[in-house]
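Hi,

Here is the structure I promised to pass on. Have a look at it first, and then read on for what turned up.

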Amino acid sequence: MDLKTKYMGMTLKSPLVVSASPLSRTLDGIKKIEDAGASALVMYSIFEEQIKFDQKELYYHTTQGTEAFAESLSYFPDQSDYNLGPDEYLELIRKAKESVKIPVIASINGTTVGGWTDFAKQMQGAGADAIELNIYNIPTDLDKTGAEIENDYVEILRSVKAAVSVPVALKLSPFFSNMANMAKRFDTAGADALVLFNRFYQPDINLEELEVEPHIILSNPTDLRLPMRWIAILKGRIFSDLAATSGIHYGEDVIKMMLVGANVTMLCSTLLRYGVDYIKDIEEEMVEWMTEHEYESIMQMQGSMSQLNIPDPSSYERAQYMKALNNYVLNY
Amino acid sequence: MKEREFITIDGNEAAAYVMYRVNEVCAIYPITPSSNMGEWADEWASKGYKNIWGNIPEVCEMQSEGGAAGAVHGSLQAGALTTTFTASQGLLLKIPNMYKIAGELTSTVFNITARSLATHALSIFGDHSDIMAARGTGFAFLGANSVQEVMDFALISQASTLRSRIPFLHFFDGFRTSHEVSKIEVIPDEVMKKLITDDLVQAHRNRCLTPDKPVLRGTAQNPDVFFQNRETINKFYQACPDIVQDVMNEFGDLTGRYYKLFEYVGAPDAEEVVILMASGCETVQSTVETLNKQGRKVGMLKIRLFRPFDFKRMLEALPATVKKIAVLDRTKEPGAPAEPLYLDVVFGLNQGLELGYGNIKEMPKVIGGRYGLSSKEFTPAMVKGVYDNLAADKPKNNFTVGINDDVTFTSIDYDPNFDIEADNVVRAMFYGLGSDGTVGANKNSIKIIGENTDNYAQGYFVYDSKKAGAVTVSHLRFGPDVIRAPYLISTANFIGCHQTVFLEKFDMIKNLRPGGVFLVNTPVPMNEVWDSLPKSQQKQIIEKKIKLYAIDAQTVAEQSGMGRRINTVMQVCFFAISGVLPREEAISAIKDSIRKTYGRKGEAIVAMNIQAVDNTLENLHEIQVPNDATSNFDIHAPVSAKSPAFVHDVLGQIIAGNGDFLPVSAFPQDGTFPTDTAKWEKRNIALEIPVWDMDTCTQCGKCAFVCPHATIRIKVYDPKYLENAPETFKYTDAKDKNWKANGWKYSIQVAPEDCTGCGVCVEVCPAKNKSNVSLKALNMEHQIPLRQPESENWDFFLQIPDLDRTQVNINNIRSQQVLLPLFEFSGACAGCGETPYIKLMSQLFGDRAIVANATGCSSIYGGNLPTTPWAKNLDGRGPAWSNSLFEDNAEFGLGYRLAIDKQKDVAVFLLEKLTDELGADFVHELINASQKNEQEIADQRAKVELLKEKLSKIDDPLAKRLVTVSDYLVKKSVWIVGGDGWAYDIGYGGLDHVLASGKNVNILVLDTEVYSNTGGQTSKSTPLSAVAKFSAGGKATQKKDLGSMAMAYGNVYVASVAFGAKDEHTLKAFLEAEAHDGPSIIIAYSHCIAHGIDMSRPLAQHKLAVDSGQWLLYRYNPNLVDEGKNPLILDSKQPKIGVREFMQSEGRFQMLMKSNPKVAEVLFKTAQEQVNERFAKYKFMAERTNAPVEEQK
């Protein structure tokens, strides 16, 4: 069975890519990802904000209480070198490139345009095959307009594209007023791929402590509907490649994404739940389905059920929503 | 010749720089002010820096200075070039080995930052009492006068010791030279190699002990030969001065800097000469030069080689015209005919004249005087006073200078306004807070000027005696010539006030010369700056025609992401106004320096500092000075007018910065000071203080329990006391059922002027506001608007009577916390992790406690003048406190116990003798009183009062004797308190002995897991993988299990507590420890600024430490054995998080992850294994049944 696909100019042996996750935090983890059969991996995201926080925290710790009391003018020995900033991350990319054959895609999350481009250049320098921009941002500024936010996204993409020569993917949230228009703008700005969609983790409340706590819930298979719809809509209408992420748990999920037009699928929750070797099971399920349904290759099916290629294009639009809702009411 | 290289460093670094390069082994132990030398050596070794032979010296921290000396001795005997660094008490501990090392003619250099010895008081500051105590050891003594000389003499000492075989004590003045930052010329390695030749090293090695050429050294000798054998060394001492001078000459040829053993400076035909050693020489030299320019003909002689004392050279150095000599000693030897240097000079002159040395024909008149004890200022004005005294017809001998001795009238007069500062020297002073980065910025400015201009630069920094809200005063000089001014600036061109709060505390303008600049950081709008200055400051500004500048540095810093650190902002202002460098050049140099300094710490740090530089100038404004002083307030009095006379007249003056002007008569003669004085020192250092929301409060008492400064208090009282309560005084119904039944009211009150604003009370508060969970029952609010009303509330609160101790349930925090703390308002770091334990002890047992306190943080915040937090209750009872030494605290406390027990025995003996007069039943009751709780103790106190009354009516000498010891019939609680440096390391031998004694003492180990007071050096308590000084690469060995060792005795009560993890457990442990009639030890987890944590949220660290099993909670109570139970109760539950989670939350561990992730990974894994193993061991021990072995079977 030919599972090959193309993603941002790279030919991958299958559409099964491991998305940015803790699985790639160590070299050992990265090797396991390759051994499990992933066709590429996106490294865990490096956050500019976290790096700045770490630097400031260390600075605070090493300066707190210093130069104040005659007997204790400092509290720590001075270290000549710290692994601050992206050093550790870059080192991991370098080692990964030496150790695995599958493409390694670096994932960055910046807070400033300078941060995005600096990181991107450093990642490219360390050997990353591509860059994924993980724009994980919850806009809360009451005075900032949607248009301004949209422009920020485009500006970040443009800057990074101008700074590096490797392909650049953009991982997006679905919360744009007009996703289609944004996709087009990103496409025009040079995005080599759009990764649809980022899941925003929603905090929870601890009722005992009355505290808001981060509460990570792994995706479930129904989460794939949203990216599936948008990939279907966008396929064939923009040049950027499309990667599906969120809720892809089984071989059939991958097949669905291929049918709507995804170049690759990004796996995370299901691997965290069942272990990285579960990739093999997914691949087997895919092959089984394809065999049963007499498909020869992935490329053959990619986009075969995109909005452009189905008999009723409105199925992916608002009318379909009305229909769905009506059915729901009727059923209960 | 290579281009001369200059660097800007302090004396300690200068000494370490050379010593590290010319040695192979350094055995070290921290002691102020020498600690930095060992720290440098350790840091360089961990970074892989090499000595001149291309290898990395071995640096080994020992358990005490005595241990370090032993290790040095051994290392030398085994052939390595070995050195050490110390001061003061540390030097005393090395003396026994120094006799041995010298007796065996062993080459080494001991580097000493000369510091006062503890006598009536400890002092960390500089004088020669320590080195003088070691002058009989047989070491050669070479004294450096300046930072340049420290670097030079370190090398000259090393070369000389190897050539002469006599060990050298290389000394320089503690703080004044050790901590003065100065621009000096570096000695190139090639010069070191030329002076320390391979032949010398080889000769040293050839003398070592080795089984390949075995010899015997360290014999025991008898009266027949010891004496003769001792005289064999004479020729080495005779040869030594010539050797040192030869080395100095060679050094001069190589560097251009020539020195003499005795160096004369001044008029060639001077009649009056002053002789002295070390940093004071610099002051005398610059004064002599000025006086001679003014027409005087005076001179001075610097003694550099004090031992062996070469009086021939001394005579040869003095001009023939000398008629009068004053010898200045920086030490005091009570009871001696005179001070040591003086006696040596007199002897040398007599002998020299008799032998015809030098040019002097007649014995001059020689007088001696003391100066500068404990870094007392020694100024040109004082030097002139010395010359004026010398010029008098009848000069005062055995005089003192720099103080007013109005008791024995030793002091000489001087004109304090005599000033010799040159106009071409820029002099700047900066008042800052420790936390705002002022000192760091000034050190940086010195480097910038030193390294970017031809100017010489000098910086000296005066620090606070408090750790929380510590004020720093920086003294900076810049000028075209070498700066010889080891004294504080008295007339500055520029003064920076970096914190607005100083305006109401210090008269800063008094030190500003006319036409000078005053820069103030202030949040007030620029048009209100003038009115924000105190009236006396305004007047001086007008009179002296001062230029006034202002900036809201706090806002600039915050907008630049710098938080409270205004250092960079104020530095830019200084350069912009002072014109020391052209403005653009200065800004560029500051930015370069920022990149250099912070580059390693991350781009974010560089960026925010650069941002601060860029944001500064537009916010800096010159304020037009009006013609009139219009302010309606002035500098506050240091203490309340209501304070007791001693507090007002003496301690208050010290607080105000006028301690230098207090006369001898102001002071107690034996080091005894009153307690209960911190309450008079209203420091007002908190920006924010907690405000109580009584409706949200659950009255749990935790806030008062955790408050490190005893500034948040609880009272429960009858409502009748609320009459006349101030309008804003808060109270509510007491919730505790017993209190509620009485209809009592409950108040939590904050001492607004004593609170440090640490926020720990807010962290611990478990009660959240039902309508807004961001609010708790305590919330931080700005102090200034609250200061006045809350001060009134505090005063009102204090006069509400405390609950009768006998009625308080002390078994739970909720009620126990109403007990009056007898340890309040200490100057410990804001959020200190030690003081809550001490305060708890003071609440529970303070009215009958006597405390032996090891030197360290707790002795400093407990006993550093001006005031003490140890307090008294309304009956005048409270803890009696003393600090003996660092190393002997357990023994010192045991001594208390022996004396108390003995005096009680005497009382019992006398009671029995007086049974007939007092009545058998009464005597029986007194002797056999139980005294197990507050009621019984109160009853016994009442009986003792009755006894005294009865005794007053009995006409018998025995009755009078019994009165003097009758108070010992009331139970006394002995507390031996100290940190882990004491308990685990230097004092462990004594502690072990005291534990083994079976005596009823309570030992409280405030375990911060480092030597906190001296700046975070590794102790044996430091956990595996923590980065600390002397463990720059992460501690490679595990923490010593002190509790386990103590438990091994079987009869010792042992508890391991962490109040932030389980406060009730801590309370229980204190009660059980004190109740145990035998030795008790409480090992108390004490978070510390040296852990690299957020000090406003330290309790979270206790929880993580306990939840991870890194810190165990347990109690080992030998009394349980009598009940047939297992004495060990493991109060920790099975660890629920990994050790890594705890470690990732603290800077001390994070540093290793950042600096050496591979090592961190290995050590963290090992740490987890050790924690697992230790928990399993304790669990096993705690779960064992206490049944005999047979029964268990």
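Before the tour, one cut-off you'll need: a residue counts as buried if 20 or more other C-beta atoms lie within 10 Å of its own, and as exposed if 12 or fewer do. Please also keep in mind that this is a predicted model.

Let's start with a single residue, B:W975, which you'll find in strand β30 (residues 973–979) of chain B. Is B:W975 buried or exposed? It has 26 C-beta neighbours inside 10 Å, so it counts as buried. If you skip the neighbours within four places in sequence, B:W975 is in contact with B:M841, B:A849, B:V851, B:N1002 and B:L1004. For a sense of scale, take B:N511: it is 464 residues from B:W975 along the chain, and the C-alpha atoms of the two are separated by 45 Å.

One of those contacts, B:M841, leads to a pair of helices. Helix α27 (residues 835–845) of chain B packs with helix α37 (residues 1063–1075) of chain B at an angle of about 55°, and their axes are 11 Å apart. With that angle, α27(B) is oblique to α37(B), and the crossing is right-handed. On the α27(B) side the contact is made by B:L840, B:M841, B:L844 and B:F845, while α37(B) brings in B:T1066, B:L1067, B:F1070, B:L1071 and B:E1074. Sorted by class, that gives seven nonpolar residues, one polar and one charged.

Now for the sheets. Six strands of chain B make an open sheet, in the order β9-β11-β10-β13-β14-β15, with mixed pairing. Which strands stand at the edges? They are β9 (262–266) and β15 (399–401) of chain B; each has a single partner strand, so one side of each is left without a neighbour in the sheet. On average, neighbouring strands here are turned by 25° against each other, direction ignored.

Inside this sheet, strand β10 (residues 272–276) and strand β11 (residues 298–303) of chain B pair in the parallel sense over five bridges. If you want a spot to zoom in on, B:V273 stands opposite B:G299 in β11(B). Helix α11 (residues 280–293) of chain B packs on the sheet, where it touches β9, β10, β11, β13 (324–329) and β14 (365–371) of chain B, and its direction makes about 160° with that of β11(B). Another helix, α13 (residues 340–355) of chain B, lies across β10, β13 and β14 of chain B and runs at about 145° to β13(B).

There is also an open sheet of three strands in chain B, ordered β24-β26-β25, and here the pairing is antiparallel. The edge strands are β24 (712–717) and β25 (732–733) of chain B; each has a single partner strand, so one side of each has no neighbour in the sheet. Six bridges join β24(B) to strand β26 (residues 745–750) of chain B, and B:Y717 has B:K745 in β26(B) as its bridge partner. Helix α25 (residues 783–799) of chain B lies across β24 and β26 of chain B, at about 130° to β26(B).

Last, the place where the chains meet. The contact takes 29 residues from chain A and 40 residues from chain B. On the chain A side, helix α2 (residues 48–63) gives the most, with six residues. The residues of that side divide into 12 nonpolar, 10 polar and seven charged.

Cheers

Key. Residues numbered from 1 in each chain as written. Chains lettered and ligands numbered in written order. Predicted model: local features only at pLDDT ≥ 70, side-chain atom pairs only at ≥ 80, totals over all residues. Pairing = 2+ DSSP bridges. Helix = DSSP H or I, 4+ residues; strand = E, 2+ residues; numbered from the N terminus. Axes fitted to C-alpha atoms, helices over the stretch in contact; angles between N-to-C directions. Contact = placed C-beta atoms within 7 Å. Parallel < 35°, antiparallel > 145°, perpendicular 65-115°, else oblique. Left-handed = near helix turned anticlockwise from the far one by under 90°. Nonpolar A, V, L, I, M, F, W, Y, C, P; charged D, E, K, R; others polar.
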